[in-house]
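This report describes how one protein chain is arranged, beginning with two packed helices and ending with individual residues. Please keep the sequence and the structure in view while reading.

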Amino acid sequence: MRNRRIRRLSFALLLLALLPISTLGRQLVLVLSQDDLAEAAGDSTNLGDDTSDTGFDDFIDSEAKPDYVLDPGSWSPIFEPAVAPHDNLGDEGSYYKTVSKIVKASSRGDERAMEEAASEIEAAASAGHPHAQSILGFLYGMGIGRERNKAKSFLYHHFAAEGGNMQSKMALAYTYSRQEMHDKAVKLYAELAEVAINSFLISKDSPVIEPVRIHSGAEENKEALRKSRGEEDEDFQILEYQAQKGNAGAMYKIGIFYYFGLRGVRRDHTKALSWFLKAVEKGEARSMELLGEIYARGAGIQRNFTKALEWLTLASKQQLFSAYNGLGYLHVKGYGVEKNNTKAKEYFEKAAENGEAGGFYNLGVMFLKGIGVKRDVKLAFKYLSAAFDAGQPKAFYQLAKMFQTGVGYKKNVPLATALYKLVAERGPWSSLSRWALESYLRGDVGKAFLLYSRMAELGYEIAQSNAAWILDKYGERSMCLGESGVCSDEERHQRAHALWWQASEQGNEHAALLIGDAYYYGRGTERDYERAAEAYMHAKSQSNAQAMFNLGYMHEHGQGLPFDLHLAKRYYDQALEIDNAAKLPVTLALASLWIRKNHANSFLVHIIDSLPEFYPKVEAWVEDVIMEEGNATILTLFVCLLTVLYLRERQRRHVAAAGEVAFPHQLGEQGVPVAN
């Protein structure tokens, strides 16, 4: 790492001024403005008194169920055997043992073990086992132990989805959406989103548990990784120590970590319940609401709506306004209390008046279905939009249904597909990201790569980015296995290229830049300046300064884009407008433009044009000769020796010169010259 920094420092000016540069990735977030909503609602119909059944769910019965129940074929029995040991799963036991072989083979880079496991999976898939068909579809899709074959991958995922495998449904939905076959994608994502939303909270928004991006551009994302080490993290251990010493706030936070599985901590509802009960004894009001949630959902304990009502009531009296949503939910469902829609509406209004997104969502559902109120789709849309703006995922779900069916508003299937996808990606299959991150933190890069690759197939952009980064960063140590053994350099480049491309399609501008660089330099693919420009344009559309710089450079040199110094200057100026950090490279690039414009055929232009070819040779020499550890040490000692000798020689000459000028004769006691 130190050598790399030295090398970067040595060539910073040259590289920034004259070569395309890369940037950090930013995750694409779907932003739906009020203008977008108004446009979709422009052809609104069926408003007002229509009370016909629209097929919408009213209030989804949120119940805590383990992953392997919500997601048949889930890998949780392998990675969380304490919850669901695969040895006790009957006929599924052999399936999980084979998947375990695949995971271990990836961890060790054992091609023979992978071939054996792939053959076992293929035999089970041929016998009609849907979960084995899903794994085989994954192996064919990635080219692991089998030839890479997208047609066979699609076929096996299709059979697996027909057999109820949720992860294959995710893979198919993502494939359809990439091909803009939204009518097919929306049906699958709608089903998956309903499974995901079944595990959400009843009183407030569940925290977003996203896969952690393990890199920030070209470097490891050390800060994010530090916060994801779970119970091994020093901060967590300090917090746990404070909780054990009686700190109520620490008890609540520990309970939250265990309840949701945050900060790399494994979900454990039993431990969460224990910590919340201890916190309540110390007067921690926030724990009251979570206890109400736990009893209402049966999370780690038998469902008890009476106790849920008691805890939520106590929480609401402590000005925890989100608890009103839980109370309204119990009243609208008639759980632990007599069903009362009017009372439920009052509770939801109290929550909404205090800015709770769940309150807006619940009121939206009541007006959408006409539950205890006169049905009003327009008012429902208003409430659901407010919940959407606050990031309430259940609002995404209901709005997706509205746009899918065109109930009250203009039908918009692509928008419905995108909204459903956001919800579906929070389903139980997202646990793969937790296991992948744990493997990476333990240094098991091969296992992490396998798990991120599986998530990448399901359409998770961050997983696509992480898997590609592992291939680029770790090379042979990525334990990448291909059709017949360990991946060659070309196979790794091609696989990373495909993953970066998928991530770029979903808005990862860093991925788009890397794709552009791959085509520009011919890394893992044929050099193609035009396709490089297309990729940079894609990143530029997201206001990426470095993509604009690259486009300016290509216009300046007529590479893949028309030679146009005016357009080049415009892109350079735009890069500076977006990012002040680009001041130095833009200044140098503008200087290059000035020389090219005013001294078109001069020797200076020739030097500028030859620098990109000269730079890799110098960089390679520095990397292979100067920065080699032994040579660098010898060179450092040699430079130190030369410096010492130079200083001593300089001092000697200085003394000698001073003697000749100031003391031409020997001096007596009073400074009087003494005759010879």
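In this predicted model, helix α30 passes helix α32 in a left-handed crossing. On the α30 side, the contact is formed by F549, E556 and H557, and on the α32 side by P585, V586, A589, S592, L593 and R596. By type, the residues of this contact divide into 5 nonpolar, 2 polar and 2 charged. Helix α30 covers residues 545-557 and helix α32 covers residues 583-598; their axes come within 12 Å and cross at roughly 10°. Angles under 35 degrees count as roughly parallel, and the crossing angle therefore makes α30 roughly parallel to α32.

One residue of α30 deserves separate attention. G552 has its place in this helix and is buried, because its relative accessible area is 0%. Its C-alpha atom is separated by 9.8 Å from that of V586, although the two residues are 34 residues apart along the chain. Neighbours within four places in sequence being left aside, G552 is in contact with A568, Y571 and Y572.

**A second helix pair**

Two packed helices are described by the angle between their axes and the distance between the axes. For helix α11 and helix α23 (residues 413-424), the angle is about 30° and the axes are 8 Å apart. These two helices are therefore also described as roughly parallel to each other. The crossing of α11 past α23 is left-handed. From α11, the contact involves H182, D183, A185, V186, Y189, A190, L192, A193 and A196; from α23, it involves V413, P414, A416, T417, Y420, K421, V423 and A424. The residues of this contact divide into 13 nonpolar, 2 polar and 2 charged.

**The chain as a whole and its core**

The protein chain has 34 helices and 4 strands. Of its 676 residues, 50% count as buried. Among the contacts in the chain with a separation of 6 or more, 61% are accounted for by residues 24 or more positions apart.

Which residues have the most contacts inside the largest nonpolar core? They are W75, Y189, Y259, F276, Y452 and I470, in a core of 184 residues. Helix α11 (residues 182-197) gives the most to this core, with 10 residues. Y189, named among the core residues with the most contacts, also belongs to the contact of α11 with α23.

W75 is in contact with Y95, Y96, V99, I135, L432, W435, L451 and R454, leaving aside its neighbours within four places in sequence. The next residue, S76, lies in helix α5 (residues 76-79). S76 counts as buried because its relative accessibility is 4%, and a residue is buried when this value is under 20%. Residues up to four places away not being counted, S76 touches D67, Y68, P81 and W435. W435 is thus named in the contacts of W75 and in those of S76.

**An enclosed helix**

Why is helix α24 (residues 431-441) described as largely enclosed by the rest of the structure? The reason is that 10 of its 11 residues are buried. These are S431, L432, S433, R434, W435, A436, L437, E438, S439 and Y440. Just after α24, G443 takes a positive phi of about 85°.

Another buried residue is N466, in helix α26 (residues 461-474). It counts as buried because its relative accessibility is 0%. Apart from its neighbours within four places in sequence, N466 is in contact with V212, R213, I214, H215 and Y452. Y452 is one of the residues with the most contacts inside the largest nonpolar core.

**Positive phi in two loops**

Two residues other than glycine, E180 and M479, have a positive phi. The table sets out their values and places.

| Residue | Phi | Place | Relative accessibility |
|---|---|---|---|
| E180 | near 60° | loop between α10 (166-178) and α11 | 62% |
| M479 | near 60° | loop between α26 and β3 (481-482) | 29% |

Are these loop residues buried or exposed? E180 counts as exposed because its relative accessibility is 62%, whereas M479, at 29%, counts as partly exposed.

Definitions and conventions:
Residues numbered from 1 in each chain as written. Predicted model: local features only at pLDDT ≥ 70, side-chain atom pairs only at ≥ 80, totals over all residues. Heavy atoms only, no water. Buried < 20%, exposed > 50% of the residue type's maximum accessible area, 1.4 Å probe, protein only. Axes fitted to C-alpha atoms, helices over the stretch in contact; angles between N-to-C directions. Parallel < 35°, antiparallel > 145°, perpendicular 65-115°, else oblique. Left-handed = near helix turned anticlockwise from the far one by under 90°. Contact = heavy atoms within 4.5 Å. Nonpolar A, V, L, I, M, F, W, Y, C, P; charged D, E, K, R; others polar. Core = buried A, V, L, I, M, F, W, Y, C linked by side-chain atoms within 4.5 Å.
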